[in-house]
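Student: I've got this one open on my screen and would like to talk through its architecture. Can we start with the terms you need before the details?

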Number of protein chains: 2
Amino acid sequence: MKISAVKKLFVGSPLATAQARHERLSRTSALAVFSSDALSSVAYATEEILLVLVLAGSAALTFSIPIGIAIALLIAVVVSSYRQTILAYPHGGGAYIVTKDNLGTLPALVAAGALLIDYVLTVAVSVAAGVAAITSAFPALYDYRIPLGVLFIAGIATMNLRGLRESSNLFAVPTYLFVVSFAGMLAYGFVGWAAGWETPPPPTADIAGTQDLTLFLVLRAFSSGCAALTGVEAVSDGVPAFRPPEARNARIVLTWLGVILITLFVGITFLARHLHVMPRAEETVVSQLARLIFGNGLLYYEIQVVTMFILVFAANTAFADFPRLAYFLARDGFIPRQFATRGDRLVFSNGILILGGVAALLIALFGGATHALIPLYAVGVFLSFTLSQASMVRRWLTRREAGWRWRWILNAVGAATTGLVMLVIAVTKFSHGAWMVVLLIPLLVGLFMMIHRHYADVAGQLSLDAYGGPPPIDHTVLVLVGDLHRGVAAALRYAQTLSASVKAVYVEMDPERTQKLEEKWGKWGLGIPLVVLTSPYRSLLTPFLDYINHLLALSERQVVTIVIPEFVPARWWQHLLHNQTALLIKGALLFRKGVVVVDVPFHLR
Amino acid sequence: MKISAVKKLFVGSPLATAQARHERLSRTSALAVFSSDALSSVAYATEEILLVLVLAGSAALTFSIPIGIAIALLIAVVVSSYRQTILAYPHGGGAYIVTKDNLGTLPALVAAGALLIDYVLTVAVSVAAGVAAITSAFPALYDYRIPLGVLFIAGIATMNLRGLRESSNLFAVPTYLFVVSFAGMLAYGFVGWAAGWETPPPPTADIAGTQDLTLFLVLRAFSSGCAALTGVEAVSDGVPAFRPPEARNARIVLTWLGVILITLFVGITFLARHLHVMPRAEETVVSQLARLIFGNGLLYYEIQVVTMFILVFAANTAFADFPRLAYFLARDGFIPRQFATRGDRLVFSNGILILGGVAALLIALFGGATHALIPLYAVGVFLSFTLSQASMVRRWLTRREAGWRWRWILNAVGAATTGLVMLVIAVTKFSHGAWMVVLLIPLLVGLFMMIHRHYADVAGQLSLDAYGGPPPIDHTVLVLVGDLHRGVAAALRYAQTLSASVKAVYVEMDPERTQKLEEKWGKWGLGIPLVVLTSPYRSLLTPFLDYINHLLALSERQVVTIVIPEFVPARWWQHLLHNQTALLIKGALLFRKGVVVVDVPFHLR
């Protein structure tokens, strides 16, 4: 099967540019499309809080309640703040664009670097958590979590390379199923708990703490829980996809999202505490909760499958966001231009491939464990939150548009809060992995600027401003010959059409052969002069290169075209039976200034 | 360090063709140069006989005596036979040349295939045996026998790539030291044994046989011992290297060689039997013999080191023989031509590299064990003996030169004897590995003929006989442009020097950009017409290839030259920041009939 056939099988036939479609989303569809990233984090956020607190013993788990409330308030602040961004950026207000607009290029690149890292981690964390939902239900699969994770990523990447044309319908079912299932589970759990139907068995034994319960530890638990906020910004990035009035609909959807997110997150955190759920490596907190509430029946499995789906869809949103941001960065010349080209299926294939590759690598390096990836995650998210909100503050204060007096305050509260949280996360998580992100962001920014400088430099060198036209050329055409036969004769004929001043060059290894060649040349040399170079060391290359250098030294305007007759055998293995002289010469003269190498194929039957 | 510098370090500076030197050898020098291969086999031939016989129990070892005598007679027959070859081929009578001369191409190719295999095995077997001599003396090295063997081969190959200019002096010391040391050891051993100085301790226990002592087993032991004959033909191959009268001197040296070989081989076989030496994996028979005769003193170590050296020199002769035979075969068009070119140091580098590579592979595959390689060895040798002697019979009978009446009888006896031995070896060793050689020889012959047919076919297609001159050409030059800037302008200027009918081709992805390009084109397009191709699927390649096909269809005489402007960034990593369009186009049009691709480099600062 040819490569193109394999590609067609997995990726599909090419789509015409005219087939690009701009779907407009109703509020219910939009909620489904933009909420999966944010909502999916309730599958692991509570667990991450408990995992830190339990280090101080099972008694410390009580602190999950105030931490949960603090995070709920944080969600409310961030949602209010982003409602203002939507008003100002009805064409989409991603952190890179908003920051570039208001704070300038350097902060925008910082936001972009943070976001690129964030998207990669969204894929890695969501897929790891999705796999954990499955391995909680089917423990036999636990040992295969890394290959399962890589397989999930490969699957999502493939779908995205095809282009997800039916996206909104595809999203609606699992998202609403997730919301309804989780709301139902929580309601049933709370009713049962309030009615005292059945007391779940208390944990077999209290766990002794290995660390003191310090403020630092509580803040670390809070930092871990902040993973619940990831993805909240998705609505404001996607305003143009809404049906008109876009901004109003987007604001309503964002509010809905905030309410659902707070409800589910706080509900899970409270119930997990009251039912005495302990975090464990082999089974997720949500899985334990679902077992306690529903028993081991069908409803339990439904919760796990729905959790897995919402997490996979969350990963999927990063596959839309990363290539789009990469496109903006490539368009502005901060990353290689190849990220700005749409592939056969109208998607930014290079961005999808890079994202999938790096995320799969992370899954493998971090052992497929959500918990190990979380410390890297939230720093970048909150850095981009902060820059984005701070940009809005600057905007309101500069432009003084309608409502700026209290809107700037909302954004300022948002910026200050998220900035503070970012610092808390960076400090409390630093030694657990946040240092990598703190290090990587400036490195990325440096790389962006280096690439930008290169492109600017090239553009300057290519610019037609003040251009006097291309310099005139003195053109010499050399045909390198090793013999005279039909293949060489055809190359000589070709060379004659290129220039009136063609010379054939022969490197002599054996004077006897030279004489034979000169005899044939009289009859079949097409009147082209034959230059014979001696080679005391039997090297073809050295005398020939010396001769070219000699020609180039004649004038600044000199361009030498070297024509090499090359056999093309009918079968690939026959290449092995012929000297690869053409390859050798091309290698030696590759990128040589003033030299153009042309090989003229002579096709053998 | 650059590759050229590394090459210079190991291989040395190039040598001028005029430096080729033709050394003429005295008889004593010639004996040293040509005997190492033959003499070295006494280091393992006796052991190989014992290893087979011991399968029938230690009592069966008695049969080593008659087998040794039979092999001594065989040596006498082969030497007498080759003495006739020397007379007839004073310019060197290798089996390939002699057979080709008298029996024709196909038998000659069979001889050539057998010889090539033989040379590879000479290297592998000799090096394995040389390593065994060392590991017998220093058992701690036994576990490193494979890397040691590969290292030896690499060393010998490197020396040969440098060109062994001081060869005869280099050979004389170890060869004569070997002869003198072994003769001394045997004399001392026999005197001691005759005088009954000291009875060596009998073996600790008799070994029980696992097989019956059948005629087949005895013949197998004989076949293994026939390894002693390998290398006897070297003198007759090298006649032109002797001082005049060449043939006479060569015949005398061959006789000396036969006498020494028989003496050493029979001596070792007798003494090993009388001193009750048992074959063992970790220590060679020669090593055991030397310990029994000399004790563990300096003389013992001298024997081992001298054995190692003669074996390495034996391997070294194959590094002269293989490339020379490959040269003949390449010259006659039976293997790739590259084997006929001399490298910088006037040696046939390709032959040396292939021989070293394959021999090292064999050492690794067969665990560095001489014993495992022996069954593959002698079939090829005796096949080439037989063909060579049979050729001589034919020659004497056809030409009836002086002395033909009894010379043909000598050669006929030789041919019949070696032919019979070859059959015995093939049958008794078949299942132990000889089948590989029996299979490989016809495969090689088939390959030789396939390659020959290809070269003949190509020569026919290239021949200037009845040639009407190269067909006339209608030449179209296309410049593929993606934009118009200084790089493109330079390429347009270059294209204008190639042809009066230049067109620029632009593949449209976005109509807006086309309009901008057309505006610039008016000012900077050098008057070259711009062809705009639409691309509904955003593919650069498809519309462009369609356009080229359309041009080619216009006439049989049409040749299309495609000029591609290509950036050459100042640093290698900057290549990653530019689309590799030129590479893509070259790949798509590689070896396309009627199409020539030229990329014109534009050098960035």
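Tutor: Two strands count as paired if DSSP finds at least two bridges between them. Please keep in mind that this is a predicted model.

Student: OK, so how many bridges join strand 1 of chain A to strand 4 of chain A?

Tutor: Strand 1 (residues 474-481) and strand 4 (residues 558-568) of chain A run parallel and are joined by 6 bridges. Within that pair, Leu478(A) has Ile562(A) in strand 4 as its bridge partner.

Student: Which helix of chain B packs on the sheet there?

Tutor: Helix 18 (residues 486-498) of chain B does, touching strand 1, strand 4 and strand 5 of chain A, and its direction makes about 65 degrees with that of strand 1 of chain A.

Student: And what is the strand order of the open sheet in chain A?

Tutor: The order is 3-2-1-4-5, with 5 strands and parallel pairing. Strand 3 and strand 5 (595-603) of chain A stand at the edges with a single partner strand each, so one side of each has no neighbour in the sheet. Neighbouring strands are turned against each other by 30 degrees on average, direction ignored.

Student: Let's look at strand 3 of chain A. Which side chains there are buried?

Tutor: Val531(A) and Leu533(A) point to one face and are buried, while Leu530(A), Val532(A) and Thr534(A) point to the other face and are not. Such alternation between the two faces of the sheet is what a regular strand shows.

Student: How many bridges join strand 2 to strand 3 in chain A?

Tutor: There are 5 bridges between strand 2 (residues 502-508) and strand 3 of chain A, which run parallel, and Val505(A) stands opposite Val531(A) in strand 3. From strand 2 the chain crosses through helix 19 (residues 511-524) of chain A to strand 3, and this β-α-β crossover is right-handed.

Student: Switching to chain B, which strands does helix 20 lie across?

Tutor: Helix 20 (residues 541-554) of chain B lies across strand 1, strand 2, strand 3, strand 4 and strand 5 of chain B, and runs at about 150 degrees to strand 4 of chain B.

Student: Last topic: what turn lays chain A on chain B?

Tutor: A turn of 179 degrees, with a shift of 0.1 Å along the axis, lays chain A on chain B with an RMSD of 0.3 Å. The two copies are therefore related as by a two-fold rotation axis. In chain A, the C-alpha nearest that axis belongs to Leu498(A), at 2.2 Å from it, and the same surface serves both copies, since 99% of the contact residues of chain A recur in chain B.

Notes:
Residues numbered from 1 in each chain as written. Chains lettered and ligands numbered in written order. Predicted model: local features only at pLDDT ≥ 70, side-chain atom pairs only at ≥ 80, totals over all residues. Heavy atoms only, no water. Contact = heavy atoms within 4.5 Å. Axes fitted to C-alpha atoms, helices over the stretch in contact; angles between N-to-C directions. Helix = DSSP H or I, 4+ residues; strand = E, 2+ residues; numbered from the N terminus. Buried < 20%, exposed > 50% of the residue type's maximum accessible area, 1.4 Å probe, protein only. Right-handed = clockwise from strand over helix to strand, strands pointing away. Least-squares fit on C-alpha atoms with pLDDT ≥ 70 in both.
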